[in-house]
Amino acid sequence: MSRRTVLAARTTDGRPDTAEIRALAESAGHEVVAEHTQTRAEDATFNLGRGKVDAVAESVRDHDAPFVVVDNELTPSQFFAWTDRLPDGVEVRDRFRLVLDIFEARASTRRASLQVELARLQHELHRRREIQGQDTEYKGFPTHDPEGEWIREVKLRIDRVQNRLGELPEEGDRNRERRHDAGFDFVALAGYTNAGKSTLLHRLADELALEDLGAGPDDLAETANVEDRLFETLDTTTRRCTVDGRRLLVSDTVGFIRDLPHDLVEAFRSTLVEAREADVVVLVADASKPVDALRERVGTVLDEVGDGPVVPVLNKADRVDGHELERKRSVLPGDLGEPVPISATEGCGLDELRERVVAALPASTETFDLPQGDDTMGFVSWCHEHGAVDSVEYGDGVRLELRARPSVVEQARARVEAFGDDATDDDGTGTDGRA
Ligand SMILES: Nc1nc2c(ncn2[C@@H]2O[C@H](COP(=O)(O)OP(=O)(O)O)[C@@H](O)[C@H]2O)c(=O)[nH]1
Ligand SMILES: [Mg+2]
């Protein structure tokens, strides 16, 4: 279905800045075809003024748009007023609902899905309470509910979701372990909405898309299959990227949002697991923001992403001059190390960023001295697949320097110890049968 969308935004003073709501709408799959903004006090009926709502309705007709996104948070009665005033069938998303849609689409764990459902129900409870307190009639909703059945019903559903959350076991992610064992490191891009995370992800990603892996020549088909299975459960916001021989899975995490409604905080946190469990977090900040906003945003992101290694990035460096960039570099917490200035759109600074990311990955190195033979040849290709081979020298024997995750280096040692032992050397590549 088309997601052509007309955008509306109001601020009480100053000019409305629609950059964030646009980015949010886009990450929810909307295509913004027109925009209406307004500076005025809140109108009780619609939030925006009636004339503005009519202008939006006209745009909706002109563009045959099935959606309207309102940057502000609408009360239940405002929400109904909009729906009434727009052509039939047009769906309205206010800020809250739009954000909820995004979290829902991004919830990759059972816990995250339940947290999103809980937020939806809590919002529904507020809505029902507010509707019950008014004498207005709303299409499709009970106007008379003396027993409070309607409220009790949603409370019951809230209890049920809360119980399920309470009973949920803390589960380790088996796929994550397997991918780690296969030599992949996890990198998460974290930061506010509109900072440039998605743009950066596309810049960093290998040319080879995940879905193309199966299409290789015959001799690659088996490896491709193994890898396909390994990546089956990865969603589209994760891409592969190879840097300095290390294979990375880079995830574009759900964006931070200014003034996140309280009901959405837990749902947001639960969708951030990729960042908390990453080997390295790339903290993407927008260098074109004023210093105070920048400092506050970086602090908020740091509070949420856990205690692992962080590489701070100042994106949109093309939008500020050298002097301003210096000033902004100095507002980031010093213990993070120097922020890397980049421009994701222009492709500047990416080599330095890649270096910093690789330097922050967990790594051990080991030199192996091996005899000539089939075992060794199998081992060499295994090393190329699971880590970075810094050198291989062929003489009487083979000397190989491996740099990889500590657990991969351990696997490599075990492989070498098992050389010549038929029972364990049964697969040649070491990756089949496990993925
Ligand atoms: N000038 C400039 N604009 C950028 C840069 N990176 C991203 N943008 C723009 O910023 C907006 C938000 O980018 P996006 O990647 O969607 O941000 P996200 O919400 O963090 O994923 C888009 O309009 C991008 O084109 C940059 O380095 N320079
Ligand atoms: Mg994005």
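Reader: What makes R297 a residue that lies over the face of Y192?

Author: A charge is said to sit over a ring if NZ of Lys or CZ of Arg is within 6 Å of the ring centre and within 35 degrees of the ring normal. R297 lies at 4.5 Å from the ring centre of Y192, and this value is within the 6 Å limit. The charged end of R176 likewise sits over the ring of F186, at 4.6 Å from its centre.

Reader: What kind of model do these values come from, and how are they counted?

Author: This is a predicted model, in which local features need pLDDT of at least 70 and side-chain atom pairs count only at pLDDT 80 or more, while totals for chains, interfaces and linings use all residues. Side-chain values use heavy atoms, without hydrogens and water, residues are numbered from 1 along each chain as its sequence is written, and chains are lettered from A and ligands numbered from 1 in the order in which they are written.

Reader: How many aromatic pairs are there, and why is the pair of F368 and F379 given its class?

Author: Rings of Phe, Tyr and Trp (its six-membered ring) pair if their centres lie within 6.5 Å, and planes under 30 degrees apart count as stacked, over 60 as edge-to-face and the rest as tilted. By this rule there are seven aromatic pairs. The ring centres of F368 and F379 are 5.2 Å apart and the planes stand at 75°, so this pair is edge-to-face. With F368 in strand β11 (residues 364–370) and F379 in helix α15 (residues 374–386), the pair ties together parts that are eleven residues apart in sequence; helices (H or I, at least four residues) and strands (E, at least two) are DSSP runs, numbered from the N terminus.

Reader: Why is the pair of F379 and W382 called stacked?

Author: The centres of these two rings are 6.3 Å apart and their planes are at 10°, so the pair is stacked. Both residues lie in helix α15, three residues apart, which is about one turn of the helix.

Reader: How do you know whether F379 and W382 are buried or exposed?

Author: Buried means under 20% relative accessible area and exposed over 50%, with partly exposed in between (1.4 Å probe, protein chains only). F379 has 3% and is therefore buried, and W382, at 1%, is buried as well.

Reader: Why is the phi of N47 worth pointing out?

Author: Most residues other than glycine have a negative phi. N47, in the loop between β2 (31–39) and α2 (50–63), has a positive phi, near 85°, and its 2% relative accessibility makes it buried. D64, in the loop between α2 and β3 (67–70), has a phi near 50°, also a positive value in a residue other than glycine, but D64 is exposed at 55%.

Reader: What makes the approach of S198 to ligand 1 a polar contact?

Author: A polar contact is a pair of N or O atoms within 3.5 Å; within protein, one must be able to donate a hydrogen and the other to accept it, and residues adjacent in sequence count only if both atoms are side-chain atoms. An N or O atom in the side chain of S198 is 2.8 Å from an oxygen atom of ligand 1, which therefore meets the 3.5 Å limit. A backbone N or O atom of N194 lies 2.6 Å from an oxygen atom of the ligand.
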